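Open the model in your viewer and keep the sequence beside it. The tour below goes from one selection to the next and says what is found at each stop.

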Amino acid sequence: MSASTARRTTARRTAALLLGAALVTLTATACNSTGGTTVSTEAKQTSPAAGAAAKPADSKPADAPKAPAKVGDTIALKGMDKGNTADVTAVTVVDPAESANEYLKPADGKRYVAVQFQIKATGGQAYSEAPWGSAKVVDAQGQAYGPSLAETKAGPAFQTPTNIAPGETGKGFVTFEIPADAKLDKVQFALDNGFSNQVGQWKIG
């Protein structure tokens, strides 16, 4: 692929994604409730396998603080509609990630980071969103970074939109372009293309 062809392909993809984001923003502005945003850091507990011996009861008090979810854990998330719920897992973080296109590189002083998410549609309706717009990464200083349109060799990106039937699961990578010296601390994800009032958060490392 020539450099000019790569640029045209990227421009078309950018235009499509920006148009989708604009439509999502208008919808979210009209539909979003006035309730405050909550950040969920509690990992979903997995049920023991059938036939597995039950573990002794936890001796910790019921109100003891739970450890925050970390990369590899699953968080149950809710969207603005009752039927839009999903179990989202921040599967892995590839840092740094190498560009999949020889003509598209991070800007000077920056690097690519790719985060793989797994999404299981648990509600009554299909998950039909653009996951790239749902994710952010946050560094140790509290600075948040949104997604990049770049693709990396870490693995396949999500399609736009991504359609997952109720009860089924999908996986994909989201890429971020961040300062070369930034130390990442957290990953975040929210349904409704990032506009849901509930945000899942995972600790990196």
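Start by selecting Asp73 and Lys70, whose side chains meet in a salt bridge with an N to O distance of 3.8 Å. Asp73 counts as buried, at 18% relative accessibility, because the cut-off for buried is under 20%. Lys70 is partly exposed, with a relative accessible area of 45%. Bear in mind throughout that this is a predicted model.

**The whole chain**

Now show the full chain as a cartoon. The secondary structure comes to one helix and twelve strands. Followed along the sequence, the pattern is α-β-β-β-β-β-β-β-β-β-β-β-β. The chain has 205 residues, of which 35% count as buried. Among contacts with a separation of 6 or more, 74% are between residues 24 or more positions apart. If you switch on a surface, its accessible area comes to about 11,900 Å², and 54% of that belongs to carbon and sulfur atoms.

**The open sheet**

Next, select strands E2, E3, E4, E10 and E8. In that order these five strands form an open sheet with antiparallel pairing. At its edges are strand E2 (74-78) and strand E8 (147-148), each of which pairs on one side only. Move to the E8 edge and add the neighbouring partner to the selection: E8 and strand E10 (residues 169-179) run antiparallel and are joined by two bridges. Pro147 has Phe176 in E10 as its bridge partner.

**Thr89 in strand E3**

Select Thr89, which lies in strand E3 (residues 85-94). Is this residue buried or exposed? Thr89 is buried, with a relative accessible area of 7%. Leaving out residues up to four places away in sequence, Thr89 touches Gly72, Asp73, Thr74, Gln116, Phe117, Gln118 and Trp202. Asp73, from the opening stop, is thus among the residues that Thr89 touches.

**More salt bridges**

How many salt bridges does a search of the whole structure find? The search finds six. Select Asp87 and Lys44 to see one of them: their side chains meet with an N to O distance of 2.4 Å. This pair links distant parts of the chain, with Asp87 in strand E3 and Lys44 in the loop between strand E1 (38-40) and E2, 43 residues apart. Asp87 counts as buried at 12% relative accessibility, whereas Lys44 is partly exposed at 41%.

Then select Asp95 and Arg111, where the salt bridge has an N to O distance of 2.7 Å. Asp95 is in the loop between E3 and strand E4 (110-121) and Arg111 is in strand E4, so the pair ties together parts that are 16 residues apart in sequence. Asp95 counts as partly exposed, at 38% relative accessibility, and Arg111 as buried, at 13%. Another selection to make is Asp185, Lys186 and Lys203, which are joined into one network by salt bridges that share partners.

**Strand E11 and its neighbours**

Select strand E11 (residues 184-190). Six of its seven residues are buried, so E11 is largely enclosed by the rest of the structure. Add strand E6 (residues 135-139), which pairs with E11 in the antiparallel sense over five bridges. Here Lys136 stands opposite Gln188 in E11. Add strand E12 (residues 198-203) as well: E11 and E12 run antiparallel and are joined by five bridges. In this pairing Val187 stands opposite Trp202 in E12.

**The nonpolar cores**

Which residues have the most contacts inside the largest nonpolar core? They are Val88, Phe117, Val137, Ile178, Phe189 and Trp202, in a core of 27 residues. The elements that give two or more residues to this core are E2, E3, E4, E6, E10 and E11. E4 gives the most, with five residues.

Select Val137 from this group and show what surrounds it. Not counting residues up to four places away in sequence, Val137 touches Val115, Gln143, Ala144, Tyr145, Phe176, Ile178, Leu184, Lys186 and Val187. For the last stop, select Ala97, Tyr112, Ala150 and Phe173. These four are among the five residues of another core, which lies apart from the largest one.

Methods
Residues numbered from 1 in each chain as written. Predicted model: local features only at pLDDT ≥ 70, side-chain atom pairs only at ≥ 80, totals over all residues. Heavy atoms only, no water. Buried < 20%, exposed > 50% of the residue type's maximum accessible area, 1.4 Å probe, protein only. Helix = DSSP H or I, 4+ residues; strand = E, 2+ residues; numbered from the N terminus. Pairing = 2+ DSSP bridges. Contact = heavy atoms within 4.5 Å. Salt bridge = Lys/Arg side-chain N within 4 Å of Asp/Glu carboxyl O. Core = buried A, V, L, I, M, F, W, Y, C linked by side-chain atoms within 4.5 Å. Areas by Shrake-Rupley, 256 points an atom, 1.4 Å probe, with all protein chains shown as cover.
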